[in-house]
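Got the viewer open? Let's take a short walk through this model, one selection at a time.

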Amino acid sequence: LAGMDIVKLEGALELAFRAHQGQKRKSGEPFIIHPVAVAGLLAQLNMDAEAVCAGLLHDTVEDTDLTFAAIAERFGTAVSRIVEGETKVSKLPRLAMSGANPNPDPDLLWRKKEEEQAENLRQMFIAMAEDFRIIIVKLADRLHNMRTLKHMSEEKQKKISRETLDIFAPLAHRLGIWHFKSELEDQAFMYLYPKEYRKLQRKLRRREEGYRTALESSKRALVQRLSQDPMLQAEAVGVAVTGRMKEMYSLWMKMEHKERNLDRIQDTVALRVVLDLARQEGEAEEAYKMRGVWLCYHVLGLVQHLPGFRPIPAQVKDYISFPKPNGYQSLHTSIMHSGQVVEVQIRT
C-alpha cells in the first residue's frame, strides 16, 4: 500500500475504535474485534485501501452516531458509498422476515421463500453493479459472523445459517471466492443439520489419515513426474500442484442427492494441476490458447500413466471440449493408489 493509503487505514481504525468504544459482542469481547477481523479478510483478498477502510467502518453508521456524510468528508465518497451499500444489503433479509405471515400455507410459504431469495439476490446484484466492493465487504462481514455464531441463541443460529446457505454462499460462488463459499457452507451446515454434521465428521476422522497419506503421496509422485517431463521443459511451462479434501457440506450434498456412501465419492481427495504458459514472441492469441489446451491433454496422459497408480476407467471428464454452463474449463480424471481414489484436475 502507498503511504497515503496506510494513513487512511490508520485513521479508519482509530475512528472505528472510538465509535465502538464500550460496545460488546455477544461473546463479551470488545466489538472492535469484528470490524478488524472483516478488514483482515478483505486484506487477504488483496482488496484496495478503500474497501479495507469500509470493512473497518461498516457497522459505524448503523450502530453509532456517525453519519455517511462524516465518513465521506474524512475518507472520500467511495468509502462512504461502500459503507452505505453494505448497510442497505445487511437489511434485506430482515425486511423479508418482517412481513412474514404468522399462519402461512406451506405451499405459499415455500413459494414466498423462493421469491424473497430471488429478490434479495437481485438487490445485491444491483448493489454490486454500483460498486462490487459492497458485496465483498458484506461477504467478509458474514463470514466472520458465521465464525462466531456459537454465541447466539439457537433460533438465531438457524435463521442466520439458512440465510447464509440460501443467499451468501451462492453469491460467493458466483463471484468465484471459493474459500469464502466453502467455509460459509460448512459453518451453516454445522448449525442447520447438527446430527448429520457430527455423523459425517466422525466418518471423516476415521478416514483422515488415509486421505492425507493418499494426498501427500500422489502429490509427491505427480510433481516429480511433471518436473521431469521433456515436453513441459521444452515449452518452459510452470507447473503448480495443490491438494485439497472436499468440504463437508459438498460431500453431504453428494451423499444425499446421489445416494452414495462416502467411500464411493470419487473427488473426496483431489489434486489441482495448473499450467502457467509463457506466451511466445509473435504468437497469435488463438495459437497460444490451443497450445495450452494441447499441453493439458499431454498432462492428462502423464497422470493416467503415473507409476504406482492405476487410472479408473470411464472417469475422464472433458470440460475443455464441453465447458460447464458457467464457462468452467478443465480436465478431470481419477486415479487409484493404495485403495484410495484421487481426482486430478488439469487446467491452464
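Start by selecting Ser218: its relative accessible area is 1%, so it counts as buried. Keep in mind that you're looking at a predicted model. Ser218 belongs to helix H11, residues 194-227. Now show what surrounds Ser218: beyond its neighbours within four places in sequence, it is in contact with Leu271, Phe309 and Val342. Add Ile335 too; its C-alpha atom is 9.2 Å from that of Ser218, though the two are 117 residues apart along the chain.

Next, bring up the nonpolar core. The largest one has 84 residues, and Leu57, Leu200, Leu222, Val273 and Ile346 have the most contacts inside it. Pick Leu200 and look for its partners farther than four places away in sequence, among them Phe189, Met248 and Trp252. For Leu57, select helix H3, residues 49-57, where 8 of the 9 residues are buried; Leu57 is one of those.

Now for the rings. Which residues make up the aromatic cluster? Select Phe189, Tyr193, Tyr197, Tyr249 and Trp252. The structure holds 7 aromatic pairs. Phe189 and Tyr197 meet edge-to-face, 5.4 Å centre to centre with 70 degrees between the planes, and both are buried. Tyr193 and Trp252 make a tilted pair, at 4.7 Å and 40 degrees. Tyr193 is in the loop between H10 and H11 and Trp252 is in helix H13, so this pair ties together parts 59 residues apart in sequence. Tyr193 is partly exposed at 24% relative accessibility, while Trp252 is buried at 11%.

Last stop: Lys324. Its charged end sits over the ring of Tyr319, 4.9 Å from the centre, and Lys324 also lies over the face of Tyr328, at 5.2 Å from that ring centre.

How values were computed: Residues are numbered from 1 along each chain as its sequence is written. This is a predicted model: local features need pLDDT of at least 70, side-chain atom pairs count only at pLDDT 80 or more; totals for chains, interfaces and linings use all residues. Side-chain values use heavy atoms; hydrogens and water are left out. Buried means under 20% relative accessible area, exposed over 50%, partly exposed in between (1.4 Å probe, protein chains only). Helices (H or I, at least four residues) and strands (E, at least two) are DSSP runs, numbered from the N terminus. Contact means heavy atoms within 4.5 Å. A nonpolar core is a set of buried Ala, Val, Leu, Ile, Met, Phe, Trp, Tyr and Cys residues joined through side-chain atoms within 4.5 Å. Rings of Phe, Tyr and Trp (its six-membered ring) pair if their centres lie within 6.5 Å; planes under 30 degrees apart count as stacked, over 60 as edge-to-face and the rest as tilted. A charge sits over a ring if NZ of Lys or CZ of Arg is within 6 Å of the ring centre and within 35 degrees of the ring normal.
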